[in-house]
Amino acid sequence: MAELSNEYIRNCKVLANRYCLLEHIPKNGVGAEIGVLGGDWSKHLLSITQPAELVLIDTYYSNDYPGANRFRKKTHEHYIRTEFQSFGEQVKILKGVSWDCMAGFKENYFDWIYIDAGHDYQSVKKDLFQSKRAIKEKGLIMMNDYIMYDHFTKEKYGVVQATNEFIIENNYEMLFFALHPDMFCDVMLKKII
């Protein structure tokens, strides 16, 4: 696994949680959330960052969190569209594989992108590749679940490996490391200019 040297973390600050990341996202920007599930985090993104446009990307074919029972696979998309219809043109809902949806945006389109879709190595690599193309030069990329192993589902994640490689290969730095009680941490990245 690629290890980060000091040059990639020299300005990194530890935050108490991912909600603190929202204070560092510019308001009135154009953002994307890749991986939406029930839209809970999307609502925080809208409320705090007040984006001019928020693109929500998901396959919209998942069951809700265990015990939540707001939707099932077949009603997932309808649930999200209903939840965000009052935002009108401010929120754009795209259904499909995340990196394919991202490929449809022109270069330098987004001010920030929050990635929380497939957690396997190849999926994260593809999401980061498309995000790099679609993000503005001074844009922010946030990675959810920066962890190598989900100790609840007993599933290996590729987020750390893919993120570290991306940082090194593309000259990005980690600005923030946001803690999580179960260590499903978030990181915020920005290109070193």
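**Entry 1: two helices**

I began with helices α4 and α5, whose axes come within 8 Å of each other and cross at roughly 35 degrees. I took the axes as lines fitted to C-alpha atoms, for helices over the stretch in contact, with angles that run from 0 to 180 degrees between N-to-C directions. This is a predicted model, in which local features need pLDDT of at least 70 and side-chain atom pairs count only at pLDDT 80 or more, while totals for chains, interfaces and linings use all residues. Residues are numbered from 1 along each chain as its sequence is written, and side-chain values use heavy atoms, with hydrogens and water left out. Helices (H or I, at least four residues) and strands (E, at least two) are DSSP runs, numbered from the N terminus.

I then noted that the crossing of α4 and α5 is right-handed, a term used when the near helix is turned clockwise from the far one by less than a right angle. Which residues of α4 meet α5? I found Y121, V124, K125, L128 and K132 on the α4 side, and V159, Q161, A162, T163, E165, F166, E169 and N170 on the α5 side. For contact I used heavy atoms within 4.5 Å.

**Entry 2: T163 and L128**

I followed T163, which lies in helix α5. Buried or exposed? T163 counts as buried because its relative accessibility is 0%, where buried means under 20% relative accessible area, exposed over 50% and partly exposed in between (1.4 Å probe, protein chains only). Beyond its neighbours within four places in sequence, T163 is in contact with V124, L128, M143, Y146, V187 and L189. L128, looked up in the same way, touches I115, I141, M143, A162, T163 and F166.

**Entry 3: the cores**

L128 led me to the largest nonpolar core, which has 31 residues, and L128 is listed with F110, I113, I141, M143 and L189 as having the most contacts inside it. Helix α5 (residues 159–170) gives the largest share of this core, five residues. Another core lies apart from it, with 27 residues, among them L15, L37, Y60 and F176. A nonpolar core here is a set of buried Ala, Val, Leu, Ile, Met, Phe, Trp, Tyr and Cys residues joined through side-chain atoms within 4.5 Å. In soluble globular proteins, nonpolar side chains tend to be buried together.

**Entry 4: the sheet**

I traced eight strands in an open sheet with mixed pairing, in the order β1-β9-β10-β6-β5-β2-β3-β4. Two strands pair if DSSP finds at least two bridges between them. The edge strands are β1 (13–15) and β4 (91–95), each of which pairs on one side only, and the twist averages 20 degrees from one strand to the next.

How many bridges join β6 to β10? I read four between β6 (residues 135–143) and β10 (residues 186–191), which run antiparallel. Strand β9 (residues 172–178) also pairs with β10 in the antiparallel sense, over six bridges. K190 of β10 is the bridge partner of L140, and E173 stands opposite K190 as well. M174 stands opposite L189 in β10.

Helix α4 lies across β2, β5, β6 and β9 and runs at about 155 degrees to β6.

**Entry 5: H119**

I found H119 in the loop between β5 and α4, and it is buried because its relative accessible area is 14%. Its side chain makes a polar contact with the side chain of D145 at 2.6 Å, and the H119 side chain also reaches the backbone oxygen of A117 at 2.5 Å. A polar contact is a pair of N or O atoms within 3.5 Å; within protein, one must be able to donate a hydrogen and the other to accept it, and residues adjacent in sequence count only if both atoms are side-chain atoms. H119 and V159 are 40 residues apart in sequence, yet 5.9 Å apart in space, C-alpha to C-alpha. Leaving aside neighbours within four places in sequence, the contacts of H119 are V124, N144, D145, Y157, G158 and V159.

**Entry 6: two positive phi values**

Y60 has a phi near 50 degrees, positive in a residue other than glycine, and Y60 sits in the loop between β3 (53–58) and α2 (76–84). N108, not a glycine either, has a positive phi of about 60 degrees and is in the loop between α3 (98–103) and β5 (110–115). I noted that Y60 is buried, with a relative accessible area of 1%, whereas N108 is partly exposed at 44%.
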